[in-house]
Amino acid sequence: MVAHADAFSRLLLATEHSEFDAGAQRVALALAARLNLVLPVVLAITGNPEFDAVAPELAERADAAAAEKLQQLRVLAAAQGVQLAIQVRHGPEPYREIVDEARAQNTQVIVIRRRGRVGLLANLLIGEMVGKVIAHAPCSVLVNPRGAQLWKRGIVAAVDPQAPDAAVVDQAATLAVAFGLPLTVLGVGPGTAEDRVQAQPALDAALARAQALGAVVNSERTTGKVHEQIIDAARRLGADLIVLGRHDATRVARAGIGSVAQRVIGLADCPVLLCTPRVGAAHTNQEIA
C-alpha cells in the first residue's frame, strides 16, 4: 500500500547532480517512488546575460555540462521507476532561481543538499546558497547531508517547550502516520522548576495534537544547549528525521554561528525538515495553547 503524506505531495529537488547532492537526490527519489509522484527538479546555472552575450561559448559549455548531468540523473531515476520533470534556470544567483521555481510550482517542500564544497568558515555547517534558499523559500525545506537516506526508524519534532509550534507538530505527526514511524515531541528549555511547570501544559497539548492526527507519539523535555539536545535525542532514540520550525531562518541566511537551526542542520546525521506553515491551514502558524 502506498503511504500518503499530503504535506509532501508537491516536492522540488534542487540539485547540481554533484557528489554533494547525492543525499538530497537519494531522499527525493525515494520519496517520489514511495508516494508515486512525478518528481520536479530544478538545476540552477549561474549566468549573466551580458557576459553570456560576450562569451557565448562559455554559456554553451555550461549548458552542455548541465545536460550531461541531467541525463545521468534521469538514468538514476528511471532505475527507481521515477519520472522527472526538469527545469534548467539561468541567473546570477542560483538560490533565487530555486526559490522562484518553487513559487512557480506551488511547491510544498524543497529537497536540497546541506552544502557544497567547503570554503569559508561560515559555510562549514551549511552552504551559503542553501542558507539563502532556507531564508527565502515560500515553503518547507528538507536539508540533507551527503549520506542521507529516507527515514525509516523514527522522527523527532523539536519545539519550544513553553510554546510548541503547531505547524511543526502537525507536519511531523502527518509524516509519522504516513510512514508508520514513532514520533517524539522534544522540548528543550531552561531547567528551573517553575519553567518545567509552565512548560508541561503546552507539551501535553502538543502530544494530544499529534495523537489526534493518529501518530504514535511521546514527549520529552530536556535542558542544555538546544542544538546539542536535539541531535543527542535523535541519536539516542534512533530517529532519522528531525523536524524544526523556521523561526530563525533569517539568521541561518546570515550564517549566524549561534543559530540553532544552522547547528542542527550542520551537525545532524540525518535529514532535517525546516517546517513552514501551510498557506490557508487554520492555526498552523500559531503556538499550541
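**Exercise 1. Which residues have the most contacts inside the largest nonpolar core, and how many residues does this core have?**

Solution. Begin with the basis of the exercise: this is a predicted model, in which local features need pLDDT of at least 70 and side-chain atom pairs count only at pLDDT 80 or more, while totals for chains, interfaces and linings use all residues. Residues are numbered from 1 along each chain as its sequence is written, and side-chain values use heavy atoms, with hydrogens and water left out.

Next, fix the term: a nonpolar core is a set of buried Ala, Val, Leu, Ile, Met, Phe, Trp, Tyr and Cys residues joined through side-chain atoms within 4.5 Å, where buried stands for under 20% relative accessible area, exposed for over 50% and partly exposed for what lies in between, with a 1.4 Å probe and protein chains only. The largest such core has 54 residues, and those with the most contacts inside it are Phe8, Leu31, Leu39, Leu142, Trp151 and Leu183. Helix H6 gives the most to this core, with nine residues; helices (H or I, at least four residues) and strands (E, at least two) are DSSP runs numbered from the N terminus. A second, separate core of 35 residues includes Val143, Val156, Ala233 and Leu274.

**Exercise 2. Describe the surroundings of Ala32 in helix H1.**

Solution. Ala32 is found in helix H1, which spans residues 22-35, and Ala32 counts as buried because its relative accessibility is 2%. Leaving aside neighbours within four places in sequence, Ala32 is in contact (heavy atoms within 4.5 Å) with Leu37, Leu39 and Val82. From C-alpha to C-alpha, Ala32 and Gln83 are 8.6 Å apart in space, although 51 residues separate them in sequence.

**Exercise 3. Place strand S10 in the sheet and give its pairing on each side.**

Solution. First write out the order of the ten strands, S3-S2-S1-S4-S5-S10-S9-S6-S7-S8, which form an open sheet with mixed pairing; two strands pair if DSSP finds at least two bridges between them. The edge strands, each pairing on one side only, are S3 (84-91) and S8 (217-222).

Then take the neighbours of S10 in turn. S5 and S10 pair in the antiparallel sense over three bridges, and Val141 stands opposite Leu274 in S10. S9 and S10, by contrast, run parallel and are joined by four bridges, with Val243 opposite Leu273 in S10.

Finally, consider the side chains: Val272 and Leu274 point one way from S10, Leu273 and Cys275 point the other way, and all are buried.
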